[in-house]
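Please load the model in the viewer and display side chains as sticks. The tour proceeds by selections, each followed by a description of what is found there.

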Amino acid sequence: DLSLLSPAAFIENSLLSIDLLSTVPTVTVIIKNAETDEVVLYATDLNVDKVYIDLTGEGKGKYTLEIQLPKEAFTGDFELE
């Protein structure tokens, strides 16, 4: 079952790429500053298999990434340098 695969997220410089591995009807991406819990980005996309987010302008530090799919959610941490 493809829904058991978790999305793959990569950060390169300030570009965050999320590969959802299959096309999903809706995905919501939330990025929070891990230290202050402040939401720096909240975006919803429809019918996509990949999401690209440009984080240029965000400060250095640790962030939490939340990927919400119709039936499940994934979270992970990353760092901007």
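In this predicted model, the count of salt bridges comes to two.

**First selection: D19 and K50.** These two residues form a salt bridge, and the closest N and O atoms are 3.8 Å apart. That separation meets the criterion because a Lys or Arg side-chain nitrogen has to lie within 4 Å of a carboxyl oxygen of Asp or Glu. Colour the strands next: D19 belongs to strand β2 (residues 15–33) and K50 to strand β3 (residues 39–54), so the bridge ties together parts that are 31 residues apart in sequence. With a surface displayed, D19 is partly exposed at a relative accessible area of 23%. K50 is likewise partly exposed, with a value of 37%.

**Second selection: E79 and K62.** Here the other salt bridge is found, with the closest N and O atoms 3.1 Å apart. The pair links distant parts of the chain, since E79 sits in strand β5 and K62 in strand β4, 17 residues apart. How accessible is E79, and how accessible is K62? E79 has a relative accessible area of 42% and is partly exposed; K62, at 44%, also counts as partly exposed.

**Third selection: Y63 and F78.** Remain on strands β4 and β5 and turn to the rings. A search of the whole structure finds one aromatic pair. Y63 and F78 form this pair, which is stacked, at 5.7 Å centre to centre and with 20° between the planes. The label "stacked" applies because planes under 30 degrees apart are counted that way. Y63 lies in strand β4 (residues 61–68) and F78 in strand β5 (residues 73–80), so the pair ties together parts that are 15 residues apart in sequence. Are these rings carried by buried or exposed residues? Y63 counts as buried at 3% relative accessibility, and F78 counts as buried at 11%.

**Fourth selection: S17.** Return to strand β2, where S17 is found. Its relative accessibility is 18%, and S17 therefore counts as buried, the limit being under 20%. Which residues does S17 contact, leaving aside its neighbours within four places in sequence? Select A8, A9, F10, V51 and Y52 to display these contacts of S17.

**A final view.** Show the two salt bridges together: D19 with K50, and E79 with K62. Then add the stacked pair of Y63 and F78, and finish with S17 in strand β2.

Terms used. Residues are numbered from 1 along each chain as its sequence is written. This is a predicted model: local features need pLDDT of at least 70, side-chain atom pairs count only at pLDDT 80 or more; totals for chains, interfaces and linings use all residues. Side-chain values use heavy atoms; hydrogens and water are left out. Rings of Phe, Tyr and Trp (its six-membered ring) pair if their centres lie within 6.5 Å; planes under 30 degrees apart count as stacked, over 60 as edge-to-face and the rest as tilted. Helices (H or I, at least four residues) and strands (E, at least two) are DSSP runs, numbered from the N terminus. Buried means under 20% relative accessible area, exposed over 50%, partly exposed in between (1.4 Å probe, protein chains only). Contact means heavy atoms within 4.5 Å.
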